[in-house]
Amino acid sequence: MDRPYILHMFTPGKQMSPFDINMAADAGYQLVVPYADVGLDAIRNLTQDTIFSRGPKGVSRTGIFIGGRDALLAADMLARAQESMVKPFIVSLMADPSGAYTTAAAMVACVEGQLMQQHGCKLDGLRVVVLGGTGPVGRIAGVLAALAGAQVQLSSRNGIDAAEEAAQETAQRFGVTLHGVSGGDRAAIRTSVADADVILACAAAGVQVLNKDDLGVATALRVAADVNAVPPEGIAGVGVMDDGKPIEGAREGAVGIGALAIGNVKYQTQHRLLVQMCQGEKPSVLSFAEAFEKAREIVAEKHD
């Protein structure tokens, strides 16, 4: 009898996301086992329990998924799991806390696609402001944009100190350059976006971070992307289905990307990565960099 495909899902939270469990099952895993309240210190023993019980052949049908809500902790847990494996007992690993890695990857890949389509350029050298930049999606979107050559500022509604702390913590962890900028009031937000080429709205659902008047001061804007699917829209004039649609009230040539357009790429990205884990001939270690590569492929397919 063939051994079943098993995915062990670790989260530091009180429950694993049903979304991720569904995605794992749809990718081909036959047994999907969630573990809650898993701290960093528990990863080594859990990983070794996972690998040594199945034998060299069984590990090819075994995977570990890291969830949670903390983008930095998830990266540390993924690294700890990788360090805990012993050849030939190597299984595939993936981290995607609250979907932050795949959502950020999809968001930045969609922005890249529209920059090329509409403006014939990439992110390299552009100024990117991430509103809601201290959350998991905002931090990773900032990291990916920085890795692509952009000058990135993470904005926080709690002011410059909170923004700068998150920027420096994230930059140090992932080896990029990030800066903080205040989003504490309307005047601060308008100052931050005045010369932004790209605006990424990663704030909480149902929170509008830019209104029409705010957009009017963004005189350099090329692309604005919003991951908020709950009314009102995070950026005024950017509908959830928009995918390169001109933004009413913004400068000529500025286009918007809405939450469902990003979400479609995010869904495909996560699905393909999970299928790669489940069916791949060799074990994979999948983080936001691999998610970004996959999202770029999906966006390129869409624009072909």
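These are my notebook entries on a pocket, some aromatic pairs and a strand pairing, all looked up in a predicted model.

**Entry 1: the largest pocket**

I began with the largest pocket, which holds about 950 Å³ of space. I counted 38 residues in the lining of this pocket, and those nearest its centre are Cys 202, Ala 203, Ala 204, Ala 205 and Val 227. I then looked up which elements give two or more residues to the lining, and found helix H1 (18-26), helix H6 (136-147), strand S6 (151-156), helix H8 (186-193) and helix H10 (259-279). Of the elements, H10 gives the most, with 5 residues. When I sorted the lining of the largest pocket by residue kind, I noted 17 nonpolar, 16 polar and 5 charged residues.

**Entry 2: aromatic pairs**

I next turned to the aromatic rings, and found that the structure holds 4 aromatic pairs. In one of them, the ring centres of Phe 52 and Phe 89 are 5.2 Å apart and the planes stand at 80°, so I entered this pair as edge-to-face, given that planes over 60 degrees apart count as such. Phe 52 belongs to helix H2 (residues 43-52), while Phe 89 sits in the loop between helix H4 (71-83) and strand S4 (92-95), so the pair ties together parts that are 37 residues apart in sequence. I also checked accessibility: Phe 52 is partly exposed, with a relative accessible area of 43%, whereas Phe 89 is buried, with a value of 19%, the cut-off for buried being under 20%.

I then looked up Phe 174 and Phe 288, whose ring centres lie 5.0 Å apart with the planes at 90°, so this pair is edge-to-face. Here distant parts of the chain are linked, since Phe 174 is in helix H7 (residues 160-174) and Phe 288 in helix H11 (residues 288-303), 114 residues apart. Phe 174 counts as buried at 17% relative accessibility, and Phe 288 counts as buried at 8%. I added that Phe 174 and Phe 288 form one aromatic cluster together with Tyr 101.

**Entry 3: strands S1 and S2**

Last, I asked myself in which sense strand S1 and strand S2 pair, parallel or antiparallel. I found that S1 (residues 6-10) and S2 (residues 31-35) pair in the parallel sense, over 5 bridges. I followed one bridge from Ile 6, and its partner in S2 is Leu 31. Between the two strands the chain passes through H1, and I recorded this β-α-β crossover from S1 to S2 as right-handed. I noted H1 here for a second time, as this helix is also among the elements that give two or more residues to the lining of the largest pocket.

Terms used:
Residues are numbered from 1 along each chain as its sequence is written. This is a predicted model: local features need pLDDT of at least 70, side-chain atom pairs count only at pLDDT 80 or more; totals for chains, interfaces and linings use all residues. Side-chain values use heavy atoms; hydrogens and water are left out. On a 1 Å grid over the protein atoms alone, a cavity is a set of points where a 1.4 Å probe fits but cannot get out, and a pocket is an open set with protein on both sides within 12 Å along at least five of seven lines; lining residues have an atom within 4 Å of a point. Grid points are joined across faces, edges and corners, and a volume is the space filled by probe spheres set on the points. Helices (H or I, at least four residues) and strands (E, at least two) are DSSP runs, numbered from the N terminus. Ala, Val, Leu, Ile, Met, Phe, Trp, Tyr, Cys and Pro count as nonpolar, Asp, Glu, Lys and Arg as charged, and the others, Gly among them, as polar. Rings of Phe, Tyr and Trp (its six-membered ring) pair if their centres lie within 6.5 Å; planes under 30 degrees apart count as stacked, over 60 as edge-to-face and the rest as tilted. Buried means under 20% relative accessible area, exposed over 50%, partly exposed in between (1.4 Å probe, protein chains only). Two strands pair if DSSP finds at least two bridges between them. A crossover is right-handed if, with the strands pointing away from the viewer, the path from the first strand over the helix to the second runs clockwise.
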